[in-house]
Amino acid sequence: MERISATTLLPDTFYGTRDDITEQFAIMWGQIKAPLIVPLLRIAVLLCLTMSVMLFIERVYMFIVISLVKLFGRKPEKRYKWEPLKDDVELGNSSYPMVLVQIPMYNEKEVYQLSIGAACGLSWPSDRIIVQVLDDSTDPITKNLVEIECQRWASKGINIKYEVRNNRSGYKAGALKEGLKHSYVKQCDFVAIFDADFQPEPDFLWRTIPFLVHNPELSLVQARWKYVNADECLMTRMQEMSLDYHFTVEQEVGSATHAFFGFNGTAGVWRIAAIDEAGGWKDRTTVEDMDLAVRASLKGWKFLYLSSLMVKNELPSTFKAYRYQQHRWSCGPANLFRKMFMEIVRNKKVSLWKKVHVIYSFFFVRKVIAHIVTFVFYVVVLPATVLVPEVEVPKWGAVYIPAIITLLNAVGTPRSLHLLVFWILFENVMSLHRTKATFIGLLEAGRVNEWIVTEKLGDALKLKSAAKAFRKHRMRLGDRIHLLELAAGAYLFFCGCYDIAFGNNHYFLYLFIQAFAFFIVGFGYVGTFVPNS
């Protein structure tokens, strides 16, 4: 009897089964492609092009406004009255307003000394300032260290209060709200707020308080952020590019045109009367700062942004910390938009033009559309047209508009223009996370109120300690792997291969490069690359 080899039977069986599955898939794809996939993809392209045009118009508008502001020199000192506060011989220091400085913190072991030291070093009459440390720490060692630090400054004659709560109800908003309830706060006119990693210069109050004293319609003076670790790695450089656009363009334009912008939650000075009139701090979203700003604006209060006043702070230097931060910054505004939409519409104290600005420009385009269109268009829909060549994307939508938007975004950080391609790829990757967070906020889904304090390294930013932190980060395989990013990378890679084999759209180079970026982030290596300059 002739022996039958399994090695000859198995391949034939395997290939036969494979051919059957491929043929069935091709038949199924052909049946649903024309009546279902093509129309849906065309609708998706149309919606994405519409959103791209909306974002393009918004970016061009802000570029024109910021150009006019710079051209005509509309400095804050020209728009609002400002003159230095002077001593009064008869009244003495009582002629100066009473200022409260709040520092909310939670297990900030690495940075608590920096912020407390900077706050206690602020130049202001010593009997007209109160430093209030709001410590929600759950780590007893950290809590003890913070209390000892406060006692140390108190022994030097600084009027510093160490306040703790029994719980973390309301997170940061709850801490700030409780802080304002203390009896000694009733004598204060203004409150300066600094997160635990922020280090204001000694003249911070002398440059901000006069605007509030001489302009009773102003409720908030916001300073700009300056990053102490921007050059630490490629990821921090990408963050710097995104945040610089926010501060140099978005905040400046809002301040110059509508006297409204989102409070950044730190490095700002509020008029306490405005906080009270707006209803105080609320913890209904994870963006309590933006919530307060919108409510105060609806009461008719005006805001001022000082681009020339910078406060040092730290950028997240691990991808895990950055993801948590971006979830909060994307989910919170979308959820606030949902909660405040009708409140803004029904408001009778502000003009129709300002309501349109807040609803359309501030919330809808910048906080919702900007995230969704980046991911849906450039990561999902555009690659899908490779698989469905019947649907075409016009060149102006696929190339020209995104190129112009990218260049306009890059004006905030000229020193990083050579990193522009890396920034585009990184922003496209992060758009997945931001889009997911945006929908969670709009739909009030599971993680809508998730609040995880951004990890800070403080003195560990020195090269040796930072390298140790990176090694620790790389050792945790579970923290490194991000399945959604890997899935998106696999999808883009497949589309790129399909474009080479069967397509005619010639997007394969973009698809492969973007897929590679998703894989880098998916495997957790994004924070380990350090740029040369």
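**Group meeting: a walk through the model**

Let's start with one residue, Ile32: its relative accessibility is 34%, so Ile32 counts as partly exposed. Before I go on, please keep in mind that this is a predicted model.

So where does Ile32 sit? You'll find Ile32 in helix α1, which covers residues 6-71. And Ile32 has company: together with Met28, Leu36, Leu40, Ile43 and Leu47, Ile32 forms a nonpolar patch on the surface. Taken together, the patch has about 560 Å² of accessible area.

Okay, next stop, helix α4. That's residues 140-154, 15 residues in total. From first C-alpha to last, α4 reaches 21 Å, close to the 21 Å expected at 1.5 Å a residue. Which residues of α4 are buried? Those are Thr142, Val146, Glu149, Cys150 and Trp153. They cover an arc of only 100° around the axis, so they end up on the same side of α4. If you're wondering about the spacing, an α-helix has 3.6 residues a turn, so residues three or four places apart point the same way.

And what covers those buried residues of α4? The cover includes strands β1 (99-105), β2 (129-135) and β3 (160-164), plus helix α3 (112-120). Flip to the face turned away from the buried side, and you meet the exposed residues Pro140 and Ile141.

Now, salt bridges. A search of the whole structure turns up 20 salt bridges, and I'll show you a few.

Take Asp136 and Arg165, whose side chains meet at 2.6 Å, N to O. This pair links distant parts of the chain: Asp136 is in the loop between β2 and α4, Arg165 is in the loop between β3 and α5 (171-179), and they are 29 residues apart. Asp136 is buried, with a relative accessible area of 9%.

Then there's Lys349 with Glu277, a salt bridge at 3.8 Å, N to O. Lys349 lies in the loop between α10 (319-346) and α11 (352-387), while Glu277 belongs to helix α8 (residues 272-277), so the pair ties together parts that are 72 residues apart in sequence. Lys349 is exposed at 55% relative accessible area, and Glu277 is partly exposed at 35%.

There's also a network here: salt bridges that share partners join Asp231, Arg237, Glu240 and Arg415. Within that group, the side chains of Arg237 and Asp231 meet at 3.3 Å, N to O. Is Arg237 buried or exposed? At 1% relative accessibility, Arg237 counts as buried, whereas Asp231, at 47%, counts as partly exposed.

That's my tour, thanks!

Note on methods. Residues are numbered from 1 along each chain as its sequence is written. This is a predicted model: local features need pLDDT of at least 70, side-chain atom pairs count only at pLDDT 80 or more; totals for chains, interfaces and linings use all residues. Side-chain values use heavy atoms; hydrogens and water are left out. Helices (H or I, at least four residues) and strands (E, at least two) are DSSP runs, numbered from the N terminus. The expected span of a helix is 1.5 Å times one less than its number of residues. Buried means under 20% relative accessible area, exposed over 50%, partly exposed in between (1.4 Å probe, protein chains only). The arc is that of the directions from the helix axis to the C-beta atoms. Contact means heavy atoms within 4.5 Å. Patches are made of residues with over 30% relative accessible area and no salt bridge: like charges are joined within 9 Å, nonpolar side chains (Val, Leu, Ile, Met, Phe, Trp, Tyr) within 5 Å. Accessible areas come from the Shrake-Rupley method with a 1.4 Å probe; for residues, only the protein chains shown count as cover. A salt bridge is a side-chain nitrogen of Lys or Arg within 4 Å of a carboxyl oxygen of Asp or Glu.
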